Amino acid sequence: MASPIEPTVPAPEQRRAGALLRRPKLWLVPTVLAALVALLLSLLYMGGIIDPNGNLHHLPVAVVDADTGAPLPGQRENVGAQVAAAVVAGSPAGSVRWRQVGQAEAQDLLASGKVYGALLIPADFTASIAALTTGHATVRPTITVLTNPGVGSLGSSIAAQIDQGAAHQASLSIGRELDSAPATAAADPTARLLLADPVAVVTQVGHPIGQHSGLGLSAFYYALLLVLSAFITGNLVHNGVDSALGYADTEIGPWHQRKPTVPIGRTQTLVLKMAMTAGILVLTTTMVMVACVAALGMDAPHIPLLWIFSYCACLAVGLGVQAINAAFGTIGQLVSMFVFIALALPSSGATVPLEATPAFYRFLGAFEPMRQLSAGVRSILYFDARADAGLARAWLMIAVGFVVALAFGFLMTRYYDRKGLKRLVPQPPPS
């Protein structure tokens, strides 16, 4: 008996790109998302750097009055005290937070990164000013500006400009007083020209860092490498596990594969992804250090501490990426990009000081990971791993990030599992 002839299934009609391009719905989602991302990134990145001087808010700078000279005739304070008071009073309200301290405390503040620079009035300042009117002057009065490149080249430069401007104004003020003094009435024109601006301003490095420190930027770029490595590792694990378990297609060039779906809940999937992320980050953290320290010669004291800190920082970011992806699904990678990169970079305070950014960025800097990680790396690389230079807060925020990532991720996946929102999808039909 002849078997019945099975009807043939016609092959689906192949669509052409030109016809699909005329579908408005095909354009809607990518167009809106791309435009919003471009707009937000432009506002975030340019908004933080566009006007540092105009956004100055309590930039910490030290003033050291080491002048031990007696007050000049007819004055109650010596010239050093007058200059220090004039410097503090002469800044625009709220722009600079002057810290009037002794010389030893100023060095400690520079060595812990708590000030961006210092203005030093020497012990013989009044005596050298008085000598200008007697004709027996042997040295020119000097005010020293101390920079702190460890806090970043731009922050140190802004502080140096503020110090130099304040010292120059003090010199002009002293010159006006000397010009009106009776002792200078008979001075020749050359001497009077010198007395009009009598103080020399000398700039020195207050807390030196190594030559292979990128002018104070190596800490920022190293922290950025940690965040990017953890972010990329987390997303590679996320996509790789989904492909291996049959929840996503694998496509490389013209080759396409869909593996059989493995039945597994959302919570167990998150456990798997977090465990793999923690393991792989051991290697990626080591590779970052090998490239930066061993291959490129970056100045890096406290190498064991730097590795431990780097791994813990990467782990907190990597677990955060997995938690966000588990909670938000397909758009999780976009959300985590904003959390760990788009919002974090302009609020890190590593290139432009947070004190020179709008209030929104100072708010973000209180909790965004790049701010905490760059401060911790900066402490290890430049400030002898001092806890009060940002390392203690960095460790605290890493612990907070670790706990938040675990709590958020597992709360969301357990909620989805209890609601029966499984990830099982039907297998593709055989060709």
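A disulfide is a pair of cysteine sulfur atoms within 2.5 Å. Chemically, a disulfide is a covalent bond between the sulfur atoms of two cysteines. Keep that cut-off in mind for the first part of this talk. The model on the screen is a predicted one.

Let me begin with the cysteines. By the distance rule, the count here is 0 disulfides. Take cysteine 292: the nearest cysteine sulfur belongs to cysteine 314 and lies 11 Å away, and cysteine 292 is in no disulfide. Now take cysteine 312. Why does its sulfur not form a bond with the closest cysteine sulfur? That closest sulfur is in cysteine 314, and the separation is 9.5 Å, which is too far for a bond, because a disulfide needs the two sulfurs within 2.5 Å.

Are these two residues buried or exposed? Cysteine 292 has 10% relative accessibility, so it counts as buried. Cysteine 312 has 24%, so it counts as partly exposed. The limit for buried is under 20%.

Next, the helices. Two packed helices are described by the angle between their axes and the distance between the axes.

The first pair is helix 8, residues 218-244, and helix 9, residues 266-295. Their axes are 9 Å apart, and the packing angle is about 145°. This crossing is right-handed. On the helix 8 side, the residues in contact include Tyr222, Leu225, Thr233 and Asp242; on the helix 9 side, they include Leu272, Lys273, Val288 and Cys292. So what is the contact made of, by class? There are 13 nonpolar, 6 polar and 2 charged residues. Cys292, discussed earlier as buried, is one of the residues of helix 9 that meet helix 8.

The second pair is helix 10, residues 303-328, and helix 11, residues 332-342. Their axes come within 8 Å and cross at roughly 140°. That angle makes helix 10 oblique to helix 11. The crossing is right-handed. From helix 10, Val317, Gly320, Val321, Ile324, Asn325 and Phe328 take part; they meet Gly332, Gln333, Val335, Ser336, Val339 and Phe340 of helix 11. By class, this contact has 7 nonpolar and 5 polar residues, with no charged ones.

Last, a short helix segment. How many of the residues of helix 5 are buried? Helix 5 covers residues 125-132, and 6 of its 8 residues are buried, so the rest of the structure largely encloses it. The buried ones are Phe125, Thr126, Ser128, Ile129, Ala131 and Leu132.

Notes: Residues numbered from 1 in each chain as written. Predicted model: local features only at pLDDT ≥ 70, side-chain atom pairs only at ≥ 80, totals over all residues. Heavy atoms only, no water. Buried < 20%, exposed > 50% of the residue type's maximum accessible area, 1.4 Å probe, protein only. Axes fitted to C-alpha atoms, helices over the stretch in contact; angles between N-to-C directions. Helix = DSSP H or I, 4+ residues; strand = E, 2+ residues; numbered from the N terminus. Parallel < 35°, antiparallel > 145°, perpendicular 65-115°, else oblique. Left-handed = near helix turned anticlockwise from the far one by under 90°. Contact = heavy atoms within 4.5 Å. Nonpolar A, V, L, I, M, F, W, Y, C, P; charged D, E, K, R; others polar.
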